[in-house]
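The following account leads the reader through a single protein chain, from its overall dimensions to individual residues. Please keep the sequence and the coordinates in view while reading.

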Amino acid sequence: MTVLTDVYINRVGVFLPNQPVDNDHIEQVLGMAGDTPSRVRKMILRSNAIKTRYYAIDPHTRATTHTGAELAAEAIKHLIVQGMNVNDISCLACATSSPDQIMPGQGVMVHGLIPNAPPYEVITTAGICVAGMTAMKHAYNAIRTSEHQGAVAVASETSSAMGRGEYFQAEINQKQLEDAKPEIGFEKDFLRWMLSDGAGAVQLSNQPNPQGISLKIHWIDLISYANEMPVCMYAGAEIRDNQFIGWKSVSTQEREARNLMSAKQDVKLLNENIVHYTVEKALLRLIEKYNLKAEDIDYFLPHYSSGFFRDKLLDGLKNINFVIPQEKWFTNLETKGNTGSASIYIILQEFLEKYPLKDGQKVLCYIPESGRFSSCFMLLEVVNGN
C-alpha cells in the first residue's frame, strides 16, 4: 500500500510583463480591429471591473516582448531568487491555454529556459483556466505519492497575441468583400477586453519551510460537466449550424477568413450557467465528500473572470447554504486582470504578501472554467514555521 505524504507550497513566484496598461490605453496597445474603435469595449470594461492589466507587447513599438514560455520561465526565476535550488525539484508541470506552438509541448519549452536546470520529469496540461490547477495537481500527486520530493507547477498566458487588432484583418477584409459590416463578432471582441498576460509558479515539497509561512495542501478537486454542457469558450474552432468544427477540418483560406484561431465566448451560455455548474453543483459534492463547513474557511480566493460575477458568486454560495462573507474574499482581478490559467497563482502570491496569516487558518481557492464548464476547488492550511 502506498503511504501518502503531506504536500506544501513553499514559494510562489509571479511575473507580469512590462508596465500595467489602463483602460484608456488598451486599444492603443492591442490595436484596433479594423479602422474604427470597438463599439463594445467600454461596456465590457465597465462590467468586468478590471482597471489595469499586463500585455507582453511593447506599448510604443507594439513588438512582442515575451513568449508564453519566457513568461513561465521568469516566474520560475522568481522562485530561484527566493531561494529555490533547481536541483531540489525533479518534476515540472506547465499549463497554458495559449501555447507558443502546437508541438512540442509547452512544458519542455519552459524547461529549456530555466537556468542550470537538470533533467526533469515534464508534463504539459492544456485547457483554459483549470489547466493551471491540473498542472498543480500533477505536481501535488507526484510528491504525495513520494515519487518526487520537490516539484514546480507553473502557468502562463499570452492571450494578447490572439487579441491584436491585426489578427482579425483577414476576417474584416472578407466581410468587406461580402459588403458586410467590417466588425468582428461580439463573441470575439468580448474576450479582447477580458484577457491579459502573466505567469505564476509554485514550488511544492514534502516539507514545510523551517521558517516563515508555508501552505499545506489538503486536497485539489477537479470536476468537468462536459457530459451535460456544450462548448462555451473556445479557440481554433467555430460553431456552425450547431456543429463544432475544428481548425483542421477547414481549408487554410477559410480558417483565415473566418479567423477560427481567435478566442471566442458564448456570453449568454456563460452568464446562465457558470455559477450553477462551477459553484453550486461542484461545491455541493465537496461539502459532502470532505465534510466541508463554511465557518471553517478563514479566507476565500476566487478566480472569477469578471467583476460582473462577484455578487452572482455570493448568490450561488447562498443557494447551497455555504456562505463565505465577502470580507473574507481576496482577488486582484481589478489590478492584475484575468490571466486565465495563471490567475490563481497570481492571486495566491499577492495574498501571501498582503495578509498576516496565522498557523492553522484555512484558505479555500475556487477556479472555474467555461470551456465546457469545469471547476476546481483547493483547500489550503497555513503552516507557520516561526
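The paragraphs below treat the overall fold, the cores, one strand and its partners, and finally two loop residues.

The model is predicted. Its chain contains 13 helices and 15 strands. The radius of gyration is 21 Å, close to the 21 Å that the globule rule gives for 386 residues, so the chain is as compact as a globular protein of that length. Along the principal axes, the C-alpha atoms occupy a box of roughly 65 × 50 × 40 Å. Of the 386 residues, 54% count as buried. The chain exposes about 17100 Å², and carbon and sulfur atoms account for 49% of that area. Among contacts between residues at least 6 apart in sequence, 81% join residues that are at least 24 apart.

The interior may be considered next. The largest nonpolar core comprises 63 residues, and those with the most contacts inside it are I9, M136, L204, I217, L301 and L380. Helix α5, spanning residues 131-144, gives the most to this core, with 8 residues. For M136, leaving aside residues up to four places away in sequence, the contacts are I9, A153, V202, L204, I220, Y345 and M378. A second core of 33 residues is separate and includes Y225, A282, Y304 and I324.

Attention now turns to strand β15, which covers residues 374-384. Here 10 of the 11 residues are buried, so the strand is largely enclosed by the rest of the structure. Strand β8 (residues 213-224) pairs with β15 in the antiparallel sense over 11 bridges. Within this pairing, I217 stands opposite L380 of β15; I217 and L380 are both listed among the residues with the most contacts inside the largest core. Strand β14 (residues 362-369) also runs antiparallel to β15, to which it is joined by 8 bridges. C365 has M378 in β15 as its bridge partner, and M378 is also one of the residues touched by M136. The hairpin of β14 and β15 has 4 residues between the strands, and F373 takes a positive phi near 70° there. In a regular strand, side chains alternate between the two faces of the sheet.

Two loop residues complete the description. Is S341 buried or exposed? With a relative accessibility of 1%, S341 falls under the 20% limit and therefore counts as buried. S341 lies in the loop between α12 (333-336) and α13 (343-354). Its side chain makes a polar contact with the side chain of E157 at 2.6 Å. Beyond residues up to four places away in sequence, S341 touches A95, T96, S97, I128, C129, A131, G132, A155, S156 and E157.

Y167 is likewise found in a loop, between α6 (160-163) and α7 (169-177). With a relative accessible area of 29%, Y167 is partly exposed. Which residues does Y167 touch, not counting those up to four places away in sequence? They are A161, M162, N259, M261 and S262. The side chain of Y167 reaches the backbone oxygen of M261 at 3.4 Å. The C-alpha atoms of Y167 and G31 are separated by 9.5 Å, although these residues are 136 residues apart along the chain.

Definitions and conventions. Residues are numbered from 1 along each chain as its sequence is written. This is a predicted model: local features need pLDDT of at least 70, side-chain atom pairs count only at pLDDT 80 or more; totals for chains, interfaces and linings use all residues. Side-chain values use heavy atoms; hydrogens and water are left out. A nonpolar core is a set of buried Ala, Val, Leu, Ile, Met, Phe, Trp, Tyr and Cys residues joined through side-chain atoms within 4.5 Å. Buried means under 20% relative accessible area, exposed over 50%, partly exposed in between (1.4 Å probe, protein chains only). Contact means heavy atoms within 4.5 Å. A polar contact is a pair of N or O atoms within 3.5 Å; within protein, one must be able to donate a hydrogen and the other to accept it, and residues adjacent in sequence count only if both atoms are side-chain atoms. Two strands pair if DSSP finds at least two bridges between them. The radius of gyration is taken over C-alpha atoms; the globule rule is 2.2 Å times the number of residues to the power 0.38. Accessible areas come from the Shrake-Rupley method with a 1.4 Å probe; for residues, only the protein chains shown count as cover.
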